[in-house]
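Trainee: Could you take me through one part of this protein up close? I'd like to look at the aromatic rings and how they pair up, and then see what surrounds them.

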Amino acid sequence: MTEDFTAVTDEAIQIRHYLHQYPEVADQEVATTAYLRDRLTALGYRIVTPAKLKTGVVAEIGSGHPVVALRSDIDALPIQEETGLPYASVNSGVMHACGHDFHMASLLGTARALTAADFTGTIRLIFQPAEETHVGAQEVMESGGADGIDAIIGFHNKPDLAAGEVGILEGGLMAAVDQFKVTLHGKGTHAAKPELGRDPIVALTSIVNSLQTIVSRNVDPQAVVVLSVTHINAGNTWNVLPETASFEGTVRSFSKAGRQVAKQRFMEIVKAGAATFDVTAEIKWIKGPDVVNNDAQLTPLVAAETAQFARVVRPVPSTTGEDFAFFSQRIPSVFAFVGSHGTSDWHHPDLQLDDQALPTGIKFFYYNALNLLAKLR
């Protein structure tokens with residue numbers, strides 16, 4: 001592998017800094033979309049973004065089959081940046097705290113490198129919106145942006161892996177995601193006269209405590225299921241019992257059985273707990289992406305190719321989720337972790353990534369796209 005990625009990397013670093021400075025949240029990536037489209041057009045790519053996609057870009061180079069897709073997400077998070085970087089976000093309350101700027105810069109670097117490559121087939125670049133809200137991959141699929149693809153690859157930066165390391169694992173890499181929100185309806189009253197009301201706060205605290213038994217007492221200890229209550233809201237003053245109380249959170253799992261039992265027991269515990277305290281429960285359950293599942297035939301090919309330019313490691317499956325799973329349900333796919341040598345984990349306001357990790361991201365896309373085109377002919 002003799003390609004010189006020095007100029008490509010230097011440009012990718014500048015691109016990442018620019019994108020980091022101007023982040024946009026899910027499904028509002030208007031300026032980001034325009035920037036990506038302009039750069040790809042200047043490189044000679046065909047812009048084939050379906051009309052149904054309001055944000056995001058789909059572009060192609062080459063012609064005919066096979067068709068290999070490379071995917072990057074493009075949205076940022078509603079987080080106030082605290083890095084102090086010279087290229088820190090100028091958009092108040094919005095930050096690329098998950099490193100999607102790193103992903104976009106890697107794929108744009110690959111796009112430039114591919115213009116000088118000799119290959120047969122089509123390479124499709126998918127710059128996908130709204131990963132953080134878990135709807136973007138579905139939007140791309142439903143719009144036709146992933147039609148006709150023979151294989152798709154993607155990656156997420158991994159702050160706890162060193163620059164030059166790539167984590168590749170056959171099968172489940174990232175967890176299935178479900179979201180819940182529960183509102184308990186009681187009867188408000190003066191805090192000094194609780195017998196005249198139906199206290200939703202007591203019901204809420206009892207239910208939240210009971211929910212912790214799902215993983216410890218209902219799930220196979222060898223399975224991986226996580227249930228976290230992350231937000232509680234009740235009342236607005238010190239001497240009044242409120243009419244309602246609510247909580248929300250998430251369940252993460254790696255098997256259909258674990259996912260099913262967690263949901264079933266959740267419903268039973270919430271309903272029984274509400275009845276115990278004479279309140280009513282309004283339950284909203286939002287099914288998110290399934291497990292990110294790497295294809296058994298493609299994964300060894302990607303691992304062998306990646307080992308030519310990076311240190312391949314076997315990662316621990318992550319209980320975080322990724323809507324790349326919507327692609328992997330229908331298209332042979334491989335998703336990897338590219339080391340980004342970060343200062344903290346994803347979604348932290350002080351997260352800083354190492355620019356020296358960008359060459360590995362670029363090479364991961366570049367070499368694996370060309371290798372899969374050759375292998376799938």
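Mentor: Sure, and let's start with a word we'll need: a residue counts as buried when its relative accessible area is under 20%. Take Phe365, which has 1% relative accessibility and therefore counts as buried. Keep in mind that this is a predicted model.

Now for the rings. A pair of aromatic rings is described by the distance of the centres and the angle of the planes. Searching the whole structure turns up 17 aromatic pairs. One of them joins Phe102 and Phe155: the ring centres are 6.2 Å apart and the planes sit at 85°, so this pair is edge-to-face. To call a pair edge-to-face, the planes have to be over 60 degrees apart. Look at where the two partners come from: Phe102 belongs to helix H3 (residues 100-114), Phe155 belongs to strand E5 (residues 151-158), and 53 residues separate them, so to speak, as distant parts of the chain that the pair links. Phe102 and Phe155 are both buried.

Phe155 has another partner, and here we get back to Phe365. The centres of the Phe155 and Phe365 rings are 5.0 Å apart with their planes at 40°, so this pair is tilted. Phe155 is in strand E5 while Phe365 is in helix H10 (residues 358-376), so the pair ties together parts that are 210 residues apart in sequence. How buried or exposed is Phe155 itself? Its relative accessible area is 2%, so Phe155 is buried.

There's also an aromatic cluster to find on your screen: Phe5, Phe309, Tyr366 and Tyr367 form it together.

Let's zoom out for a moment. The protein has 10 helices and 16 strands. Of its 377 residues, 54% are buried. Links across the sequence show up in the contacts too: of those between residues at least 6 apart in sequence, 80% join residues at least 24 apart. What about the overall size? A compact globule with 377 residues would have a radius of gyration near 21 Å, and the protein has 23 Å, which agrees. Along the principal axes, the C-alpha trace spans about 80 × 45 × 40 Å. The accessible surface comes to about 16,300 Å², and carbon and sulfur atoms hold 50% of that. As for charges, there are 29 positive and 42 negative ones, and their mean positions are 6 Å apart.

Before you go, have a look at a few loops, where the backbone does some curious things. Pro66 sits in the loop between strand E2 (57-63) and strand E3 (67-73), and the peptide bond that leads from His65 to Pro66 is cis, with omega near 0°. Next comes Asp278, in the loop between helix H7 (256-276) and strand E13 (280-287). Asp278 isn't a glycine, yet it has a positive phi of about 60°. With a relative accessible area of 52%, Asp278 is exposed. His341 isn't a glycine either, and its phi is positive as well, at about 50°. You'll find His341 in the loop between strand E16 (333-339) and H10. The relative accessible area of His341 is 48%, so this residue is partly exposed. And that brings us back to H10, the helix where we found Phe365.

Note on methods: Residues are numbered from 1 along each chain as its sequence is written. This is a predicted model: local features need pLDDT of at least 70, side-chain atom pairs count only at pLDDT 80 or more; totals for chains, interfaces and linings use all residues. Side-chain values use heavy atoms; hydrogens and water are left out. Helices (H or I, at least four residues) and strands (E, at least two) are DSSP runs, numbered from the N terminus. The radius of gyration is taken over C-alpha atoms; the globule rule is 2.2 Å times the number of residues to the power 0.38. Buried means under 20% relative accessible area, exposed over 50%, partly exposed in between (1.4 Å probe, protein chains only). Contact means heavy atoms within 4.5 Å. Accessible areas come from the Shrake-Rupley method with a 1.4 Å probe; for residues, only the protein chains shown count as cover. Lys and Arg count as positive and Asp and Glu as negative; His and the chain ends are not counted. The place of a charge is taken as NZ of Lys, CZ of Arg, CG of Asp or CD of Glu. Rings of Phe, Tyr and Trp (its six-membered ring) pair if their centres lie within 6.5 Å; planes under 30 degrees apart count as stacked, over 60 as edge-to-face and the rest as tilted.
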